[in-house]
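Visitor: I'd like to learn how to read a model like this one, feature by feature. Could you walk me through it?

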Amino acid sequence: MSEQGDWVLIGLDENTARRQGIPARMPVPRGEFEGLADKGLSIDAARKWIKDFLTNSEPGKSGVWRKQNSTLVSQFEAFLDKAPVWERAQKAFGERDYEKAISALKRIVTMDPDDHAARLNLASAQANMGDHPAALKSFQAIRKTFQGDADYHVAVGQVHLAMQKKDAALDEMVLALEAKPDCQPALDAMVQLGVLVPIYENPRDAASLVYVRSDAVLEYLTGQWDAAPRDSAFYLEQLAYHERENRHDVALAAAERAVAAAEGASVERAQLARIAALRSLGRLDEALAAAQAYVKDAPSSSGAWVELAKCLAQAGRGEEAPAAIERALESDPGDLAALSLRFWPSDPADIQKVNEAIPALAAFVAAHPESAGARRSLARAELVAGRIDDALAGFASAVALAPEDDDLRAEYWSELGKQQRYPEIIADAAKLSDLAKRDWKLRWNEAEAYAALGKNIEARAAFSAINFDESLHVDVRRRAKRAVKTMDETPPVVT
């Protein structure tokens with residue numbers, strides 16, 4: 001630091017100066033010097049002070065001083081001369097005109113090779129233009145300056161990803177996380193690379209999100225589960241979550257623990273999940289043995305017979321599966337999985353084959369008029385066949401047979417919504433006195449119906465209630481929060 005009358009010339013860390021694209025020595029008005037540590041040095045202030053120093057200060061007006069400090073004066077003048085070019089570059093970025101941005105930034109780099117902020121933006125513009133080799137070259141030219149900066153390493157890693165250099169990309173993301181362990185773009189990239197997996201330790205708690213090595217998810221969760229006593233409800237929730245995420249090894253571990261801890265109705269859910277997980281993992285001998293054992297223990301469980309049928313089919317013993325399917329339907333004529341195996345074609349979207357299956361399915365429904373599940377399956381087939389009115393009438397009949405089945409009613413409301421028959425959803429919802437305690441899918445359909453009808457106050461209240469329901473999976477609550485935000489950003493419907 002040196003004093004020049006009413007000015008103080010301070011020295012900046014060279015790396016910091018290059019990162020910001022400012023001279024490494026900076027004139028500061030004496031009156032501003034003491035507060036500089038608290039306020040920081042902005043680019044605008046730097047330009048203002050340099051211009052004022054060169055124009056009005058005694059040293060700045062002194063030819064002798066300028067000659068003795070010619071290099072510094074050249075840096076000051078170059079810094080001021082860059083300002084309009086920087087404005088053009090920023091304007092081009094704002095307009096996503098990366099070609100103009102590159103042109104302006106190259107001009108800046110020529111004017112001031114030590115302006116690494118310009119070089120960083122140049123690399124970004126080149127990456128946005130798809131010129132990844134040039135971007136990588138620009139990034140590498142400033143690596144020493146930005147080493148240890150998480151955003152820099154993420155940007156370089158993204159270029160490597162675009163060039164299919166996954167190992168190099170991974171190395172950069174690791175450096176980003178070393179610099180900033182909660183760097184979300186780096187975590188997201190590691191997920192994209194298949195190295196990490198996002199896991200909710202508690203599916204109802206957003207704060208429980210952790211990132212775990214993809215090859216150690218089961219090991220990690222086993223350690224978490226062993227850390228405290230757990231009941232069957234905990235393991236059933238865990239297996240449902242990991243089933244949805246297709247983590248079958250974790251679902252199997254949770255199911256086995258649930259079987260050990262379960263009582264009453266939860267035993268069946270745990271046993272069936274265990275068999276399904278074994279089957280999904282390709283452990284067919286174990287799955288088949290478990291299914292055969294369970295149908296002996298629970299011969300009235302339609303789900304057990306369905307799992308046995310699936311195991312037989314997957315094990316190449318398909319000729320034995322129909323008998324198991326028939327036993328499932330004898331136990332429960334409304335078992336949707338059994339009905340699908342018995343009546344539906346292997347491709348449920350094949351309109352012709354579904355049409356051909358409808359008569360036999362309709363005959364089964366007629367033979368079991370009290371079965372809501374059978375009626376529901378027929379309604380689904382009628383939807384595929386394009387018989388919308390018949391399908392909706394069928395869903396209504398099924399709901400009347402099983403008014404407490406929220407999943408069934410939610411499917412019915414969803415189909416009403418697809419046909420824009422929103423008043424019917426609201427009317428049916430009005431019949432339920434305890435909707436707030438029912439399945440979230442019903443509440444979601446009601447909210448969407450209100451929104452579609454322009455009743456934003458009611459829709460916002462319904463979505464908000466879902467968002468604040470701590471019993472729901474965090475992803476459901478986030479969807480509800482986004483729905484409220486979207487409504488706030490969308491002009492109201494004029495009716």
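Guide: Happy to. Keep in mind that this is a predicted model. Let's start with a single residue: Val-174 lies in helix H12.

Visitor: Is Val-174 buried, exposed or partly exposed?

Guide: The idea is to look at relative accessible area, where under 20% is buried and over 50% is exposed. Val-174 has 32%, so it counts as partly exposed. As for its place relative to another residue, Val-174 and Ala-207 are 33 residues apart along the chain, and their C-alpha atoms are separated by 23 Å.

Visitor: Let me step back to the whole chain. How many helices and strands does the protein have?

Guide: There are 29 helices and five strands.

Visitor: And how do I read the overall shape?

Guide: Set the radius of gyration against what a compact globule would give. For 495 residues that would be near 23 Å, but this protein has 33 Å. The box tells you about the dimensions: along the principal axes, the C-alpha atoms fill roughly 110 × 60 × 45 Å.

Visitor: What percentage of the residues is buried?

Guide: Buried residues make up 44% of the 495. On the outside, the protein exposes about 25700 Å², with carbon and sulfur atoms supplying 50% of that.

Visitor: How far apart are the mean positions of the positive and negative charges?

Guide: They are 5 Å apart, taken over 61 positive and 76 negative charges.

Visitor: What about contacts between residues that are distant in sequence?

Guide: Take the contacts between residues at least 6 apart in sequence, and ask which of them join residues at least 24 apart. Here that share is 46%.

Visitor: Now the interior. Where should I look for a core?

Guide: In soluble globular proteins, nonpolar side chains tend to be buried together. In this model, the largest nonpolar core has 37 residues, and Leu-308, Leu-339 and Leu-361 have the most contacts inside it. Several helices each supply at least two residues of this core, including H17 (265-280), H20 (321-331) and H23 (372-384). Helix H19 gives the most, with seven residues.

Visitor: Which residues does Leu-361 touch, not counting those up to four places away in sequence?

Guide: Leu-361 touches Leu-339, Phe-343, Trp-344, Ser-377, Leu-378 and Ala-381. There's also a second, separate core of 35 residues, and Leu-416, Tyr-422, Leu-442 and Ala-483 are among its members.

Visitor: Can we compare some individual helix residues?

Guide: Sure. Phe-53 is found in helix H3, residues 43-56. Its relative accessible area is 0%, so Phe-53 is buried. The C-alpha atoms of Phe-53 and Val-73 are separated by 10 Å, with their positions 20 residues apart along the chain.

Visitor: And Ala-135: buried or exposed?

Guide: Ala-135 sits in helix H9, residues 132-141, and counts as buried because its relative accessibility is 0%. Leaving out residues up to four places away in sequence, Ala-135 touches Ala-123, Gln-126, Ala-127 and Val-159. For a sense of scale, the C-alpha atoms of Ala-135 and Glu-330 are separated by 67 Å, and the two are 195 residues apart along the chain.

Visitor: What about an alanine further along, Ala-393?

Guide: That one is in helix H24, residues 388-401. With a relative accessible area of 41%, Ala-393 is partly exposed. Ala-393 and Arg-375 are 18 residues apart in sequence and 9.9 Å apart in space, C-alpha to C-alpha.

Visitor: Let's do loops. Where is Asp-112?

Guide: Asp-112 is in the loop between helix H7 (98-111) and helix H8 (116-128). Don't assume a loop residue has to be exposed; check the area. Asp-112 has 17%, so it is buried. Apart from its neighbours within four places in sequence, Asp-112 is in contact with Gly-21 and Lys-82.

Visitor: And what can backbone angles tell me?

Guide: One thing to look for is a positive phi in a residue that isn't a glycine. Gln-164 has a phi of about 65°, in the loop between helix H11 (150-162) and helix H12 (166-179). Gln-164 is exposed, at 60% relative accessible area.

Visitor: What is the phi of Asn-246?

Guide: It is near 60°, again a positive value in a residue other than glycine. Asn-246 lies in the loop between helix H15 (232-244) and helix H16 (248-261), and its relative accessible area of 54% makes Asn-246 exposed.

Terms used
Residues are numbered from 1 along each chain as its sequence is written. This is a predicted model: local features need pLDDT of at least 70, side-chain atom pairs count only at pLDDT 80 or more; totals for chains, interfaces and linings use all residues. Side-chain values use heavy atoms; hydrogens and water are left out. Helices (H or I, at least four residues) and strands (E, at least two) are DSSP runs, numbered from the N terminus. The radius of gyration is taken over C-alpha atoms; the globule rule is 2.2 Å times the number of residues to the power 0.38. Buried means under 20% relative accessible area, exposed over 50%, partly exposed in between (1.4 Å probe, protein chains only). Contact means heavy atoms within 4.5 Å. Accessible areas come from the Shrake-Rupley method with a 1.4 Å probe; for residues, only the protein chains shown count as cover. Lys and Arg count as positive and Asp and Glu as negative; His and the chain ends are not counted. The place of a charge is taken as NZ of Lys, CZ of Arg, CG of Asp or CD of Glu. A nonpolar core is a set of buried Ala, Val, Leu, Ile, Met, Phe, Trp, Tyr and Cys residues joined through side-chain atoms within 4.5 Å.
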